[in-house]
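Please open the structure in your viewer and keep the selection box handy. We will go from stop to stop, and at each one you will hear what to pick and what to look for.

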Amino acid sequence: MEHESVPLYWRNIPAYYRLVARRCKRCGEVYFPPVLKCPRCGSNELEDVELPQEGELVEFTVLRSVPTDFLKQKPVILGLVKLGPAKVLGQIVDAAPEKLKEGQRVEVAFRRVVVDGKYGLVMYGYKFRPRP
Amino acid sequence: MSRVGIVSWGAYIPRYRIRTEDIAATWGDDPQRIVDMYLVYEKSVEGYDEDAITIAVEAARRALRRGKVDPKRIGAVYSGTESKPYAVKPISSILVDALGLTNNAFAVDMEFACKAASDGIIAIAGLVESGRIEYGLAIGTDTSQGEPGEHLDYSASSGGVAYIVGRDGVAAEFEAVYTFNSDTPDFWRREGSPYPMHGEGFTGEPAYFRHVVGAAKGLMEKYGYKVSDFAYAIFHQPNGRFPMRAAATLGFPADKVKPGIVVTHIGNTYNASALMGLARVLEMAKPGDRILLVTFGSGAGSNAFALKVTDVIEERQRADVPKVGEMLDDKIYIDYATYLKNRKMVKLFE
């Protein structure tokens, strides 16, 4: 699988590390991943806003056929998490699929997401885990 | 002006555990003999997608949350580890962005085997005392290495702990610090080597006990402390026996040492070892308690601290942050094959 390039990863670090979203100053809509222009009202005036570190698991699915970057992490649990004003798609870790429930509290975890081989970059970012 | 000290702390222990008996069964050792020798019943193991950096971020975020400290007021972040994911690329710069610190925070990776994080605490205390920074963050984090089947396989584990040091909102003041260092070849790892070597007979008396006891004795003699002045004593914990013996040598009764012992159920978290014990003790300490903390790093050296708990401790203890005691119980047991996978000790093309 072709990884995200180093420059692109670097530019996305605020979103990957701290879930920095964009809020439209005109209509108040919050976007994650961040956008440059508000798709709702068309405004170019947006500001950075950090999403909360805790949220609610809206839905999840268990993947056993996964992209090559995630082959060693099977099964991959992919969840949709409501974090304040935004819904964020991310991997759920430290959890057994049979014990997960929609609606349960989850918190943001900081993890390795993609490792570019033995000599390349380790790309870090957000995942989610059940709140202890 | 109030004394500089620990404003807040945060600990992180990965959820995965492997039992000593499962390691012993793989390598044909007698599990009871191993447990008797090290007093380590199980140890923490990082998840497949965790490393010393992710562990440091988790611990530091908890420290910020407990103390309600604005990351923009952190003027320095010093990380102590001996399991850097990169040979060249700092942990501390990743922490600057992951924690939302300013780009003007001093950011340094420190190295002195398991002692580096406590050297970070001392350096940051100096920066605060000089007025250069308001708060600083010192972090001990490790996913320590041990050759499969070798002695270290039974104890080398994973975990991290972070301390915010400052002058405002101090929960435990630094009263005194004392250090003891010498060139002692007890444990080392050369560049490119996946696992450390240790100097067999060098690891006990000439290394651990000489430096730990030397630093603690030096601190007590120089500043006039008696054993009875301390409510708790915490020592570096390479296994369950060494800290108890060091305590006995210094005249500390077992009940002052046991509350800070975590090695028996998570193994040796290296830079987070004694500092994890301190985190656990801070969760139960009362205002006015005095704590002796002695860290140790191979090669070798020890830092001894005298800390005095303040009234602020009660507010910090009430914070909605996972406690060390809770994390000791929150675990998922894995088998030896999963342990090798999580620790990347099977050859993988990632």
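The tour below starts with the sheets of chain B, crosses to chain A, and ends in the loops there. Keep in mind throughout that this is a predicted model.

**Stop 1: the nine-stranded sheet of chain B**

Show chain B as a cartoon and find its open sheet of nine strands. Reading across, the order is β5-β4-β6-β7-β1-β8-β13-β12-β11, and the pairing is mixed. Now colour residues 106-110 (β5) and 232-235 (β11) of chain B. These strands stand at the edges with a single partner strand each, so one side of each has no neighbour in the sheet. Look along the sheet and you can follow its twist, which averages 20 degrees from one strand to the next.

Next, select residues 5-12 and 158-166 of chain B, which are β1 and β7. The two strands run antiparallel and are joined by seven bridges. Which residue of β7(B) is the bridge partner of B:Trp9? Show side chains here and you will find B:Tyr163 in that position. As you look at them, remember that side chains in a regular strand alternate between the two faces of the sheet.

Before leaving, add helix α10, residues 273-282 of chain B. This helix lies across β1, β7, β8, β11, β12 and β13 of chain B. Compare its direction with that of β12(B), residues 290-297: α10(B) runs at about 165 degrees to that strand.

**Stop 2: the three-stranded sheet of chain B**

Move on to another open sheet in chain B, with three strands in the order β3-β2-β14 and mixed pairing. Its edge strands are β3 and β14 of chain B, each pairing on one side only.

Select residues 16-19 (β2) and 42-45 (β3) of chain B. They are antiparallel, with four bridges between them, and B:Arg19 sits opposite B:Glu42 of β3(B). On the side of β14 (residues 332-333 of chain B), two bridges make the link to β2(B), and these strands run parallel. There, B:Arg17 stands opposite B:Tyr333.

Add residues 20-27 of chain B to see helix α1, which lies across β2 and β3 of chain B. The helix runs at about 55 degrees to β2(B).

**Stop 3: where chain B meets chain A**

Bring both chains into view. The contact takes 30 residues from chain B and 24 residues from chain A. Together the two chains bury about 2,300 Å², with 47% of that on carbon and sulfur atoms.

How many salt bridges cross the interface of chain B and chain A? There are seven. To see one of them, select A:Arg111 and B:Asp49, whose side chains meet at 2.9 Å, N to O. Polar contacts between the two chains come to 16 residue pairs.

On the side of chain B that touches chain A, highlight α3 (52-67) and α4 (91-99), the elements that give two or more residues each. Helix α3(B) gives the most, with seven residues. By type, the residues on this side of chain B divide into 14 nonpolar, two polar and 14 charged.

**Stop 4: from A:Arg111 into a loop of chain A**

Stay on A:Arg111 and add A:Asp94: their side chains also meet in a salt bridge, at 2.8 Å, N to O. This pair links distant parts of the chain, with A:Arg111 in strand β7 (residues 105-115) and A:Asp94 in the loop between β6 (86-92) and β7 of chain A, 17 residues apart. Check the backbone of A:Asp94 too, as its phi is near 55 degrees, a positive value in a residue other than glycine.

A:Gln104 is in the loop between β6 and β7 of chain A as well. A polar atom of the A:Gln104 side chain lies 2.7 Å from the backbone nitrogen of A:Lys101. Beyond its neighbours within four places in sequence, A:Gln104 is in contact with A:Gly55, A:Glu56, A:Leu57, A:Lys99 and A:Pro130.

**Stop 5: two cis peptide bonds**

Most peptide bonds are trans. Select A:Phe32 and A:Pro33 to see a cis one, with omega about 0 degrees. A:Pro33 is in the loop between β2 (30-31) and β3 (46-50) of chain A.

Finish at A:Lys74 and A:Pro75, which are joined by a cis peptide bond with omega about -5 degrees. A:Pro75 is placed in the loop between β4 (54-63) and β5 (76-83) of chain A.

Definitions and conventions. Residues are numbered from 1 along each chain as its sequence is written. Chains are lettered from A and ligands numbered from 1 in the order in which they are written. This is a predicted model: local features need pLDDT of at least 70, side-chain atom pairs count only at pLDDT 80 or more; totals for chains, interfaces and linings use all residues. Side-chain values use heavy atoms; hydrogens and water are left out. Two strands pair if DSSP finds at least two bridges between them. Axes are lines fitted to C-alpha atoms, for helices over the stretch in contact, and angles run from 0 to 180 degrees between N-to-C directions. Contact means heavy atoms within 4.5 Å. Buried area is the accessible area (1.4 Å probe) that two parts lose on being put together, summed over both. A salt bridge is a side-chain nitrogen of Lys or Arg within 4 Å of a carboxyl oxygen of Asp or Glu. A polar contact is a pair of N or O atoms within 3.5 Å; within protein, one must be able to donate a hydrogen and the other to accept it, and residues adjacent in sequence count only if both atoms are side-chain atoms. Ala, Val, Leu, Ile, Met, Phe, Trp, Tyr, Cys and Pro count as nonpolar, Asp, Glu, Lys and Arg as charged, and the others, Gly among them, as polar.
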